[in-house]
Amino acid sequence: MSYPLAQLCLLPLLLSPLSPGAPISPAEPISQAYSLALYMQKNTSTLLQTYLQYQGSPFSDPGFSAPELQLSSLPPAVVSFKTWHALDDGERLSHAQGAFLALTQHLQLVGDDQRDLNPGSPMLLAQLGAARLRAQGLLGNMAAIMTALGLPIPPEEDTLGVVPFGASAFERKCRGYVVTREYGHWTDRAVRDLALLKAKYPG
Amino acid sequence: MRFEWEVLQNENPEPMALFSVFQTTFLLALLSLRTYQSEVLSEPLPWAPESLKVFINSTHQCLHLQWSVHNLAHHQELKMVFQIEISRIKTSNVIWVENYSTTVKWNQVLHWSWESKLPLECAKHFIRMRSAEDDAKTPEQSFWSNWSSWEEVDVQNSLGHDPLFVFPKDKLVEEGSNVTICYVSRSPQSNISCYLEGVQMQGEQLEPNVTVFNLNHVAFIRETGTNIYCKGDQGDSIKGIVLFVSKVLEEPKEFSCETQDLTTLNCTWDPGSDTGLLKQLSQSYTLFESFSGKKTLCKHKSWCSWEVAPESQEMYNFTLTAENYLRKRSVHLLFNLTHRVHPMAPFSVLFTDVSTTNATMTWKVHSTGNYYTLLCQVKLYGEGEVTQHNVSVEVDGEQLFSGLEPDTEYRAQVRCANANHFWKWSEWTHQNFTTAEAAPSEAPDVWRNVKSVQGHSVVTLFWKPLSKLQANGKILFYNIVIENLDRSSSSKFLSIPAPANGTELNLDQCSYQIHVTAHNSVGTSPASVIIVSGDPGNKEVEEERVKGTEDGFSLSWKPQPGNVTGYIVEWCDRPRGPLCDLQWKSVGPTTTSTVVSSDAFRPGVQYNFRIYGISTERVPYLLEKKTGYSQELAPSDNPQVVMSNLTSRSFTLSWKDYSIESQPSFIQGYHVYLKSKAGQCHSGSEKAVLSDDAVCCKYKIDNPKQKTFVVENLQPESFYEFLVTPYSSVGEGPHGAFTKVTTPDEYSPILIRVILPMVFCILLIMIICYLKSQWMKEKCYPDIPDPYKSSVLSLIKSKENPRLTIMNIKDCVPDSIEVLNKQEGTRKSLTETESSKPTYLYLLPTEESYSGPGPCICFENFTYNQAASDSASCGHVPVAPKAPPSQLALLTSPENLLKALEENYMNSLGEIPAGETSLNYVSQLASAMTGDKFSLPTNPPEPALCSEYKMQMAIPLGLASPPSSGSSSLSSFTLLDEGEHYH
């Protein structure tokens with residue numbers, strides 16, 4: 001149900017940066033990005049719970065949380081309010097852009113990992129795939145905002161590099177946990193970023 | 001000296017303190033011996049291991065050793081033994097010593113592997129080795145080379161800087177095996193706990209920063225592995241491993257190879273239970289054939305195909321190997337290819353020359369080489385029978401079936417196998433065929449039912465459809481030939497299309513012979529002959545009762561002395577239905593009993609069986625009648641009882657309409673229940689307690705045909721209830737509603753006997769009176785004579801006296817009465833109540849209305865004529881009826897008339913109360929005859945003319961001074977009409 005809906009939402013978002021005669025006003029891409037971010041926000045906790053449910057103990061234990069687990073290749077979303085508030089629009093968009101770029105690559109990696117570790121769980125694989133698609137959609141939308149605002153679009157980077165392939169099964173499970181968790185955190189932060197922008201550029 | 005010490009270490013790596021003194025002594029002795037030996041063999045062995053290298057395989061926890069032996073001559077082969085020592089943590093802690101024997105060639109690099117139970121990352125390992133010549137003559141390798149130097153294996157150095165590590169990573173083990181796990185902590189102050197699926201594990205400290213956990217008999221939890229993780233209590237991030245536990249790989253079972261076409265071998269096996277591992281970790285199957293040396297990796301888990309070599313290799317030796325990371329299992333199979341031929345199912349199964357009883361079946365088999373003969377098995381199914389034939393076939397098979405039934409569908413199937421070396425039958429190939437039709441083999445079973453209707457015989461012929469075996473094809477029609485036996489010239493022919501099973505014939509009273517034949521497309525059945533006699537011959541045969549069972553009715557009859565060609569038992573399946581569904585059963589002449597059973601038989605239904613004998617002339621005649629129930633049921637209905645002859649002492653019950661034949665069992669009699677308040681039962685009855693605990697008297701009637709009963713010995717004016725219910729061997733009818741009756745009292749019949757005749761008599765008298773009413777009237781109520789019609793008138797006329805005429809009313813001059821003195825009296829009050837008129841009554845026309853003198857004086861006074869007033873009828877003058885009509889004749893003489901008047905007058909006077917009223921009576925007549933007021937006319941004709949009169953005069957005593965005056969009497973004559981009295 002939600003998957004085709006997401007596809008429908010994403011279609012104009014993916015196409016918008018490609019169209020040559022993009023609108024000068026940033027309000028429309030901001031609004032679209034905001035709507036998508038809100039929609040993503042609704043599904044992030046489901047993705048995390050589904051992911052943990054398939055990994056076995058301790059991940060599937062009730063109330064599992066391991067905030068100390070981090071990935072060096074994935075920028076953390078947690079930021080102090082002061083720091084976040086001090087950022088200008090371009091910096092915020094740039095941070096989010098970088099994070100979601102890393103997230104799309106990591107979600108792909110986690111999807112591959114889970115295809116090995118949990119081949120019998122198509123629901124989890126589908127949710128990971130949908131999350132990656134949405135992250136890409138949000139990336140495209142943020143690029144449109146940056147174009148509209150006249151900001152430089154940061155180049156795409158290979159955030160993963162060659163590092164992750166030797167990871168053990170447990171490390172891959174942890175990695176997937178961090179990615180799905182950070183995907184939620186970054187989505188929350190993107191909603192806040194875009195809400196601020198939306199207030200600045202009302203349609 | 002170092003050398004010796006090392007030897008010592010080797011010999012006794014862990015010396016015990018308890019024996020230290022003895023050891024020291026022993027060591028000293030040994031040392032001296034060794035010193036001596038070294039002195040003897042001053043040169044070290046030339047084949048010491050050199051260039052020892054250690055390779056680490058962390059994943060498999062393996063150490064691979066590689067070394068070489070120098071100084072071997074070219075092409076020299078030397079059997080050598082290498083002693084390898086492995087220490088853990090420190091060199092002194094030797095954990096493994098192994099002698100590795102091998103043949104060493106010149107310039108050969110030697111390999112040896114060792115698998116550590118402890119993950120290599122958990123501790124440092126040290127390895128060294130020495131060699132000796134492996135000489136059978138000197139089993140004790142006394143001449144070891146020097147030890148190589150210790151090779152250190154330290155994986156921990158390359159781990160990185162994480163605070164915590166857990167090993168081994170992603171280890172794959174079999175279920176039930178023992179696993180050693182360790183963690184390496186880089187922060188010694190942290191307290192680390194480790195968990196297996198959420199359960200904390202207890203470990204042993206190996207080193208200050210390394211703790212080891214020994215897991216024994218690990219269990220399979222899930223396909224995706226078992227999580228084991230550790231975490232410190234100082235906010236360290238969790239670290240863990242996934243232990244993949246596999247179920248033990250089973251040896252493939254039922255490994256077998258066969259070929260269908262000698263070009264491809266198909267090998268199958270049962271892989272056994274699943275190992276429960278992810279697909280990428282599960283086992284693979286390899287097929288290896290040793291004669292050809294070919295090998296193939298099987299794509300499937302339970303079968304594999306193998307191309308047969310074109311060079312017609314006959315023998316095959318297969319090895320099937322199942323292998324996963326942990327285990328390798330192999331099975332072998334050696335066979336000759338021609339012994340494993342599983343032919344393909346035959347094809348092109350055809351039937352030729354299919355006749356009524358024979359058919360030929362042909363089929364083809366797939367070629368499996370020119371020199372193979374196949375054995376084929378043919379099975380024929382038909383009519384519940386199976387026949388089997390074995391046929392040897394090279395290319396085409398053929399089988400003749402004989403003795404078949406006509407018009408029958410058969411199912412033939414064939415399968416083949418290698419005739420020389422039987423391996424397996426092929427699959428069956430099926431084909432159906434149907435034999436040709438033949439003429440029906442049996443005459444239809446015919447029976448008849450004869451009814452006489454208005455001098456004709458209505459013969460209903462029935463026949464049973466021929467069975468499939470008898471019909472030999474589809475019956476199309478039945479032919480019926482009716483021959484008149486009395487007039488042989490005439491015969492009749494009928495053709496009835498199938499599937500009719502009967503027909504109705506209208507015949508006269510002659511005897512007929514009827515032939516019935518059944519026809520199919522091929523021919524005619526034999527004829528069934530039955531004779532319908534002109535004489536129905538339904539002699540009276542006594543009916544006998546039979547007892548049915550669930551299996552039917554067992555009937556038997558007396559054998560007939562004469563020639564009998566058979567017997568027929570006839571009955572109706574539905575005797576109560578409009579169509580009785582006539583059934584019959586034919587038995588042979590020697591049979592005198594049979595069991596009749598039918599699915600239509602129902603409990604509680606009476607079935608009648610008639611047994612006929614068939615004479616040699618084919619004439620059936622009734623022998624016996626039987627009747628019975630397949631199961632008797634208790635009567636369901638009570639008779640409708642009519643009560644009659646009710647007297648004070650008895651009444652009669654009758655139920656003539658009750659039919660005992662249509663009851664669900666043989667009625668044996670009746671029970672009459674009588675309830676009374678007295679509760680006493682007279683002789684002939686017994687007390688019975690009903691289901692509702694009511695007590696009553698029960699009379700028993702043993703004869704089912706007795707349908708009346710007189711209940712006697714009753715009490716008059718008593719209340720009774722009765723019930724009549726039939727009974728049979730299985731019980732009696734329902735105890736339904738009782739009929740209530742009250743006996744009358746004893747005397748009413750007598751009274752009726754008296755009153756009825758009386759009423760009759762009265763009625764008779766009344767009728768007579770009515771019929772003789774004229775006479776009665778004449779006797780009792782004679783007509784009042786009409787003056788005009790009276791005989792007096794004619795008498796007068798006959799005397800021809802013209803002066804005498806009949807007085808008219810209008811000719812009457814009424815008198816006036818003047819009331820002079822009125823006194824209270826009973827009469828007055830009566831008058832007042834009856835009329836509001838004044839007491840002074842103007843009764844008749846006054847003087848003014850007087851029209852002249854009349855011949856008649858008339859007056860009336862209601863007041864003084866009580867009788868007239870009360871009766872209100874002038875005609876009801878009491879005098880008149882009492883005067884016989886004959887008296888009229890007496891009046892014709894004046895003397896008689898006067899006399900009669902005087903009598904009346906005197907009577908009237910006697911009725912008047914004296915001294916009540918003073919009346920002044922003025923007679924109109926008198927006034928007209930002045931001077932002659934009181935003089936009585938000597939010949940007054942008028943009174944004689946009034947045939948009816950009324951005496952209404954009341955004369956006060958005072959005025960009646962001349963009481964003897966006849967004029968006053970004369971003036972009281974009146975001729976008023978009845979209606980005018982009321983004016």
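How far apart are the sulfur atoms of C122(B) and C182(B), which form a disulfide? In this predicted model, the two sulfurs sit 1.6 Å apart. The bond is one of 6 disulfides over all chains of the structure. With -85° about the S-S bond, the C122(B)–C182(B) link comes out left-handed. C122(B) lies in the loop between strand 5 (109-115) and strand 6 (125-133) of chain B, while C182(B) belongs to strand 10 (residues 179-185) of chain B, so the pair ties together parts that are 60 residues apart in sequence. As for solvent, C122(B) has 0% relative accessibility and counts as buried. C182(B) is buried too, again with a relative accessible area of 0%.

Next comes the pair C257(B) and C267(B), joined by a disulfide with an S to S distance of 1.9 Å. Here the torsion about the S-S bond is 110°, and the link is right-handed. C257(B) is found in strand 17 (residues 253-259) of chain B and C267(B) in strand 18 (residues 264-270) of chain B, so this bond ties together parts that are 10 residues apart in sequence. Is C257(B) buried or exposed? At 0% relative accessibility, C257(B) counts as buried. Its partner C267(B) is likewise buried, at 0% relative accessibility.

A further disulfide in chain B is formed by C298(B) and C304(B), with their sulfur atoms 2.2 Å apart. The torsion about this S-S bond is about -100°, so the disulfide is left-handed. Both C298(B) and C304(B) are buried. Two other cysteines can be added on the subject of burial. C174(A) has a relative accessible area of 9% and is buried; C510(B), with a relative accessible area of 14%, is buried because the cut-off lies at under 20%.

Turning to the pockets, the second largest has a volume of about 980 Å³. Its lining is made up of 35 residues, and the closest to the pocket centre are T59(B), H60(B), D170(B), K171(B) and L172(B). Which elements each supply at least two residues of this lining? They are helix 4 (89-117) of chain A together with strand 9 (172-174) and strand 10 of chain B. Strand 9 of chain B gives the most, with 3 residues. Strand 10 of chain B is also where C182(B) of the left-handed disulfide is placed. Sorted by class, the lining of the second largest pocket has 13 nonpolar, 12 polar and 10 charged residues.

Over in chain A, L128(A) offers a look at packing around a helix residue. L128(A) has its place in helix 5 (residues 122-149) of chain A. With a relative accessible area of 2%, L128(A) is buried. Leaving aside residues up to four places away in sequence, L128(A) touches L47(A), L107(A), V110(A), G111(A), Q114(A) and T180(A). Among these contacts, T180(A) stands 52 residues from L128(A) in sequence, yet the two are 8.4 Å apart in space, C-alpha to C-alpha.

Terms used: Residues are numbered from 1 along each chain as its sequence is written. Chains are lettered from A and ligands numbered from 1 in the order in which they are written. This is a predicted model: local features need pLDDT of at least 70, side-chain atom pairs count only at pLDDT 80 or more; totals for chains, interfaces and linings use all residues. Side-chain values use heavy atoms; hydrogens and water are left out. A disulfide is a pair of cysteine sulfur atoms within 2.5 Å. Helices (H or I, at least four residues) and strands (E, at least two) are DSSP runs, numbered from the N terminus. Buried means under 20% relative accessible area, exposed over 50%, partly exposed in between (1.4 Å probe, protein chains only). On a 1 Å grid over the protein atoms alone, a cavity is a set of points where a 1.4 Å probe fits but cannot get out, and a pocket is an open set with protein on both sides within 12 Å along at least five of seven lines; lining residues have an atom within 4 Å of a point. Grid points are joined across faces, edges and corners, and a volume is the space filled by probe spheres set on the points. Ala, Val, Leu, Ile, Met, Phe, Trp, Tyr, Cys and Pro count as nonpolar, Asp, Glu, Lys and Arg as charged, and the others, Gly among them, as polar. Contact means heavy atoms within 4.5 Å.
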